[in-house]
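User: Please take a close look at a single part of this structure, the pairing strands and what packs around them, and walk me through it in one connected account.

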Amino acid sequence: MPGRLNASDPLLVLVNAWGDQLLNLPAIRALAMLFEGRLSLAVRRGAPEVFFRELPVRKFLELDLDFSSLSGRFHAAELARRMGNCDL
């Protein structure tokens, strides 16, 4: 595991409903601290201002989600285009 903690461009994808953002907040805080400002977060639009503004992360990739069905959907191709380098 020490090698993975040395990742230079880790990305966490959390594109779920608002409650999931809140429930995962302690784990996301821990990951942000472990990766010391190198972690990027892909989250639903508006989540950084509500939940993550104090986190030491590299960048936020805010995505529009479609919750018109029972499962939220996002455009994976858009995320792939915007995320750039990612090694974990």
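**The strands and their surroundings**

Analyst: Strands S1 and S2 run parallel and are joined by 4 bridges; the model in which they appear is a predicted one. Within this pairing, leucine 14 stands opposite valine 43 of S2. S2 also pairs in the parallel sense with strand S3, which spans residues 59-63, here over 5 bridges, and in that pairing phenylalanine 60 of S3 is the bridge partner of leucine 41. Taken with the helix H4, strands S2 and S3 make a right-handed β-α-β unit. S2 itself is mostly covered, with 5 of its 5 residues buried.

That burial can be followed into the nonpolar core. The largest such core has 14 residues, and those with the most contacts inside it are Ile28, Leu41, Val43, Phe52 and Leu55. The elements that contribute two or more residues to this core are H3, S2 and H4. Apart from it lies another core, of 7 residues, among them Val15, Leu63, Leu65 and Leu79. As a general background, nonpolar side chains in soluble globular proteins tend to be buried together.

Phenylalanine 52 is a useful residue to follow next. Phenylalanine 52 counts as buried because its relative accessibility is 0%, and buried means under 20%. Leaving aside residues up to four places away in sequence, phenylalanine 52 touches Leu14, Gln21, Leu25, Ile28, Leu41, Val43, Ala47 and Phe60. This list takes in leucine 14 and valine 43, which stand opposite each other across the S1 and S2 pairing, as well as leucine 41 and phenylalanine 60, which are bridge partners between S2 and S3.

The aromatic side chains form a second thread. The structure holds 3 aromatic pairs. In one of them, the rings of tryptophan 18 and phenylalanine 51 have centres 5.7 Å apart and planes at 35 degrees, so this pair is tilted. The pair links distant parts of the chain, since tryptophan 18 belongs to helix H2 and phenylalanine 51 to helix H4, 33 residues apart. With a relative accessibility of 35%, tryptophan 18 counts as partly exposed, whereas phenylalanine 51, with a relative accessible area of 14%, is buried. Phenylalanine 51 also forms a tilted aromatic pair with phenylalanine 52, at 5.9 Å centre to centre and with 50 degrees between the planes. Trp18, Phe51, Phe52 and Phe60 together form one aromatic cluster.

Helix H3, residues 25-34, can be read against the strands in turn. The buried residues of H3 are Leu25, Ile28 and Ala32. Viewed down the helix axis, these buried residues fall within an arc of 60 degrees, so they line one face of H3. Pro26 and Met33, on the other side of H3, are exposed. What covers the buried residues of H3 includes strand S1 (11-14), helix H2 (18-23), strand S2 (40-44) and helix H4 (47-52).

The path from H3 back to S2 holds one further backbone detail. Glutamate 36 is found in the loop between H3 and S2, and its phi is near 45 degrees, a positive value in a residue other than glycine. Most residues other than glycine have a negative phi. At 62% relative accessibility, glutamate 36 counts as exposed, in contrast to S2, where 5 of 5 residues are buried.

Definitions and conventions. Residues numbered from 1 in each chain as written. Predicted model: local features only at pLDDT ≥ 70, side-chain atom pairs only at ≥ 80, totals over all residues. Heavy atoms only, no water. Buried < 20%, exposed > 50% of the residue type's maximum accessible area, 1.4 Å probe, protein only. Arc of directions from axis to C-beta. Contact = heavy atoms within 4.5 Å. Phe/Tyr/Trp six-rings, centres within 6.5 Å; stacked < 30°, edge-to-face > 60°. Core = buried A, V, L, I, M, F, W, Y, C linked by side-chain atoms within 4.5 Å. Pairing = 2+ DSSP bridges. Right-handed = clockwise from strand over helix to strand, strands pointing away.
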